[in-house]
Amino acid sequence: MKNRRHLRIRALTEGAMLVAAAQVLSFVKLYELPNGGSLTPAMFPILFYALRWGTTQGLSAGFVFGLLQLLFDGAYAWGWQSMLLDYLLAF
């Protein structure tokens, strides 16, 4: 029982650190697209986390990263549908 709780806490802290690393990497723009958007290396930490801990935790880390992008990236959306699809479900 103690080992299971230890692994859950370890997955949570590792997820928080990799989401923070992804947030920092999202400011590094490799290519700026002409109609908006850009290519960044931000998804590599999220992908690494999902491969290491599984689909459920990877999706939750991607959801948290999408929320952070929504807050820090200056959310530009035409409605709640655009906000849901562009930020929360995309990551």
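Student: What percentage of the 91 residues in the chain do buried residues make up?

Tutor: The model is a predicted one. A residue counts as buried when its relative accessible area is under 20%. Of the 91 residues in the chain, the buried share is 24%.

Student: In what order do the elements of the chain run from the N terminus on?

Tutor: The chain holds four helices and two strands. Helix H1 covers residues 2-25 and helix H2 covers residues 43-53, while strand S2 covers residues 38-39. Read from the N terminus, the order is α-β-β-α-α-α.

Student: Which residue's side chain meets that of Arg52 in a salt bridge?

Tutor: Side chains of opposite charge can pair when their charged atoms come close. The cut-off is a side-chain nitrogen of Lys or Arg within 4 Å of a carboxyl oxygen of Asp or Glu. By that rule the count is one salt bridge. At 2.8 Å from N to O, the partner of Arg52 is Glu14.

Student: How many residues apart are Arg52 and Glu14, and which helices hold them?

Tutor: The salt bridge links distant parts of the chain. Arg52 sits in helix H2 and Glu14 in helix H1, and their separation in sequence is 38 residues.

Student: Is Glu14 buried or exposed?

Tutor: The limit for a buried residue is under 20% relative accessible area. Arg52, at 44%, is partly exposed. Glu14 has a relative accessibility of 13%, so Glu14 is buried.

Student: What distance does helix H3 reach from its first C-alpha to its last?

Tutor: Helix H3 spans residues 55-72, which is 18 residues. At 1.5 Å a residue, 26 Å is expected. The value in the model is close to that, at 25 Å.

Student: Which residues of H3 are buried?

Tutor: Gln69 is one residue of helix H3, and its relative accessibility of 8% is why it counts as buried. The buried residues of H3 are Gly58, Ala61, Gly62, Phe65, Gly66, Gln69 and Leu70.

Student: What separates the C-alpha atoms of Gln69 and Gln23?

Tutor: Along the chain, Gln69 and Gln23 are 46 residues apart. In space, their C-alpha atoms are separated by 7.6 Å.

Student: What is the C-alpha separation of Gly15 and Pro45?

Tutor: Gly15 belongs to helix H1 and is buried because its relative accessibility is 8%. Pro45 lies 30 residues from Gly15 along the chain. Between their C-alpha atoms the separation is 9.0 Å.

Student: How far apart in space are Ala20 and Pro45, C-alpha to C-alpha?

Tutor: Ala20 is also placed in helix H1, where its relative accessible area of 40% makes it partly exposed. In sequence, Ala20 and Pro45 are 25 residues apart. From C-alpha to C-alpha the distance is 9.0 Å.

Student: Which residues make the nonpolar surface patch of about 480 Å²?

Tutor: Patch residues need over 30% relative accessible area. Leu39, in strand S2, is partly exposed with 46%. The patch is made by Val28, Leu30, Tyr31, Leu33 and Leu39.

Student: Which residues gather in a patch of positive charge on the surface?

Tutor: Arg4, in helix H1, has a relative accessible area of 64% and is therefore exposed. Like charges are joined into a patch within 9 Å. The residues of the positive patch are Lys2, Arg4, Arg5 and Arg8.

Technical notes:
Residues numbered from 1 in each chain as written. Predicted model: local features only at pLDDT ≥ 70, side-chain atom pairs only at ≥ 80, totals over all residues. Heavy atoms only, no water. Expected span 1.5 Å × (residues − 1). Buried < 20%, exposed > 50% of the residue type's maximum accessible area, 1.4 Å probe, protein only. Patch = residues over 30% accessible without salt bridge, like charges linked within 9 Å, V, L, I, M, F, W, Y side chains within 5 Å. Areas by Shrake-Rupley, 256 points an atom, 1.4 Å probe, with all protein chains shown as cover. Lys, Arg positive; Asp, Glu negative; His and termini not counted. Charge placed at Lys NZ, Arg CZ, Asp CG, Glu CD.
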